[in-house]
Amino acid sequence: MIPITVFTGYLGAGKTTIILSLLPKLPKGYKAVLLKNEFGDTQVDSELARQSNLAAVNEILNGCLCCVLVGQMKNALLDIRDNFRPDRIIIECSGSAFPATLAFQIRELERETHSDFKLDAVITVIDAENFTGYEDTSPTARMQASYSDLILINKWEHLEERALDLVLDHLNTLNDLTPKIRCNGRDGVDPNLIFGVDSKLFKDKSDESVVVNHHDEVQTITIFRGHPHALPYTHSHEGSDCRCRSVAEPSGEVSQDGLLPSDAVDETLLRSALGGVSRESVWRIKGLVRFQGGLHILNWAFGRYDLTKVDVSDMDGTVIRLTVMGERGEVRKSMDRFCNELQAIVV
């Protein structure tokens, strides 16, 4: 029997960081496989995860497992079982996902495979700094906190005691029975606290009434700069509206990926542009940026961000490739200035 732990939580809550922090604390030889779902098509978190001691990483992109991509998860879980026989599977949902549908699929898979799989826990990660803001506007964030075996309170150390008490009051109003555990910064939590929960959630078919439609909440766009052949989607170069920086015929010393040294992003300029991004309408930015020293992963959430150098082999010709998530109807307008400053386009 393979136990499955499902991590959910709103955009930028810190799910990937917590999952990766668990891995060094597992017993030697323990095989964990990560199945990650994300909007967009840039495998940012998977690149970070592959640098960890996970047995494997499987990422399902461009949609949500809980509705648009229903059915793909079952196939992915069966492939993981047959190819890896792990000690545990960890599923990381997209930030706007409500995991009820996933849980029902896992329960069905338990029956269909005669208990080859077992839903061990649904765990919700809360961004304490921003929860009272997006909880007011997002039904999904409220549902994630309401239907969970455990709630992990992340980023609480940035708050004053009174503000943290307010977050706890909100959480207890939504779900007063579920245990709430504070994360220890980037050290996360002890796996003994969250593995072996033996979830009782979603065993009853009547629970299906809690499934909600959430896709009107979040809009996703992709921002790109680089060689035209590296564009993530089909993109027309006809007419005067195209602002791609074509480097197809450069005059100067060209690197193996077809880029000039001058094509790299100035880090100071990037940091300045990020400082102008609205936290009200833009909630998450993640992807790849090329500096003179190579590709870096940008991980931005509600004004805080990290830049991590990474070696990615299949991003030749890419200078900037970012997935941006935010308020529907506002996120594209909010990123116009950012794109202009960095000579990037929305594709």
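**Close-up views of a predicted model**

**View 1. The hairpin of E10 and E11 carries a positive phi at phenylalanine 302.** Two residues lie between the strands of this hairpin, and there phenylalanine 302 takes a positive phi near 50 degrees. Strands, labelled E and at least two residues long, and helices, of type H or I and at least four residues long, are DSSP runs numbered from the N terminus. The model is predicted: local features require pLDDT of at least 70, side-chain atom pairs require pLDDT 80 or more, and totals for chains, interfaces and linings use all residues. Residues are numbered from 1 along each chain as its sequence is written, and side-chain values use heavy atoms, leaving out hydrogens and water. Phenylalanine 302 occupies the loop between E10 and E11. Its phi is positive although phenylalanine 302 is not a glycine. Phenylalanine 302 counts as buried because its relative accessibility is 7%; buried means under 20% relative accessible area, exposed over 50%, and partly exposed in between (1.4 Å probe, protein chains only). On either side of the loop, E10 and E11 pair in the antiparallel sense over six bridges. Within this pairing, leucine 298 faces leucine 307 of E11.

**View 2. Six strands are arranged as an open, antiparallel sheet.** The order of the strands across the sheet is E11-E10-E9-E12-E8-E13. Two strands are said to pair if DSSP finds at least two bridges between them. At the edges stand strand E11 (304-309) and strand E13 (345-346), each of which pairs on one side only. The hairpin strands of the previous view, E10 and E11, belong to this sheet. In the order given, E12 stands between E9 and E8.

**View 3. Strand E12 is joined to E9 and to E8.** Strand E9 covers residues 282-291 and strand E12 covers residues 318-327. The two strands run antiparallel and are joined by seven bridges. Two residue pairs may be located in this part of the sheet. Arginine 284 is placed opposite methionine 325 in E12, while isoleucine 285 is placed opposite valine 324 in E12. Strand E8, made of residues 218-226, is also antiparallel to E12, and nine bridges join these two strands. Arginine 225 has isoleucine 320, a residue of E12, as its bridge partner. Strand E12 is mostly covered, with nine of its 10 residues buried.

**View 4. Helix H1 is mostly covered.** Of the eight residues of H1, six are buried. Two of these buried residues are threonine and serine, at Thr16 and Ser21. The others are Lys15, Ile18, Ile19 and Leu22.

**View 5. Serine 115 has a positive phi in a loop between a helix and a strand.** The loop that holds serine 115 lies between helix H4 (100-112) and strand E5 (117-127). Phi of serine 115 is near 70 degrees, a positive value in a residue other than glycine. Serine 115 counts as partly exposed because its relative accessibility is 36%.

**View 6. Aspartate 176 is an exposed loop residue.** The loop of aspartate 176 is found between helix H7 (161-174) and strand E7 (180-182). With a relative accessibility of 57%, aspartate 176 therefore counts as exposed. Serine 146 is 30 residues from aspartate 176 along the chain, and the C-alpha atoms of these two residues are separated by 8.9 Å.

**View 7. The chain as a whole provides the setting for the close-up views.** The chain contains 11 helices and 13 strands. It has 347 residues, of which 55% count as buried. Phenylalanine 302 of the hairpin loop is among the residues that count as buried. Contacts (heavy atoms within 4.5 Å) also link parts of the chain that are distant in sequence. Among contacts between residues at least 6 apart in sequence, 75% join residues at least 24 apart.
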